[in-house]
Amino acid sequence: MIRELQKADIDKVADIWLNTNVTAHYFISKQYWQNNFELVKELLLQATVYVYEQNQEIQGFIGLNDEYIEGIFVSNEMQSHGIGKALLNYAKNKRSKLFLNVYQKNIRAIAFYQREGFEIQCSDFDKATEEKEYVMAWLKIESGIEVGNCYVQRHLD
């Protein structure tokens, strides 16, 4: 079941955020994620967040800021079980276009987003982590969106 984040969910969701980032971003210091933990907890409560719950246990979540995907996070033990895809499809049903940033070294995430119809639009640089990243976009209908310093235009048949 996918539902909106409730205040009581915040500790579990924040733990998934931390553990997933540390695992997926081995190239960034664990301390970086730990230093941002409390701030992220506050920001999650202000964002549009949908959680994936199974047997009354939160297994993952997606954070949205309008059409921007702040991130999709699935607990390490539940990855590759279709939860990330389900969360992404839920967001696709609510938006006609989506975009995100993904670290270039996060090959697994890039492959996932490409399988789900996202295309790399341009490169960017995350000053906080000093890592290169891609801006990726998905469009449901003929549309154009301004993304950072690049422009996305795609025509679907």
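Begin by selecting Ser80, which sits in the loop between strand E4 and helix H4 (83–94). The model on display is a predicted one. Most residues other than glycine have a negative phi. Ser80 is not a glycine, yet its phi is positive, at about 70 degrees. How exposed is Ser80? With a relative accessibility of 67%, Ser80 counts as exposed, because the cut-off for that class is over 50%.

Next, select Asn55. This residue is found in the loop that runs between strand E2 (48–54) and strand E3 (57–65). Asn55 also has a positive phi, of about 55 degrees, although it is not a glycine. The relative accessible area of Asn55 is 75%, so this residue too is exposed.

Now turn to the largest pocket, which holds about 1,400 Å³ of space. To find its centre, select Asn21, Glu70, Gly71, Ile72 and Phe73, the closest to that point of the 49 residues that line the pocket. Then colour strand E4, residues 68–74. Which part does strand E4 play in the lining of the largest pocket? Strand E4 gives the most to this lining, contributing seven residues.

Finally, colour the lining of the largest pocket by residue class. Nonpolar residues number 25 in this lining, polar residues 17 and charged residues seven.

The tour may close where it began, at strand E4. This strand supplies seven residues to the lining of the largest pocket, and the loop between E4 and helix H4 carries Ser80.

Conventions: Residues numbered from 1 in each chain as written. Predicted model: local features only at pLDDT ≥ 70, side-chain atom pairs only at ≥ 80, totals over all residues. Heavy atoms only, no water. 1 Å grid on protein atoms, 1.4 Å probe; cavity = no way out; pocket = protein on both sides within 12 Å on 5 of 7 lines; lining within 4 Å. Points joined across faces, edges and corners; volume = space filled by probe spheres on them. Helix = DSSP H or I, 4+ residues; strand = E, 2+ residues; numbered from the N terminus. Nonpolar A, V, L, I, M, F, W, Y, C, P; charged D, E, K, R; others polar. Buried < 20%, exposed > 50% of the residue type's maximum accessible area, 1.4 Å probe, protein only.
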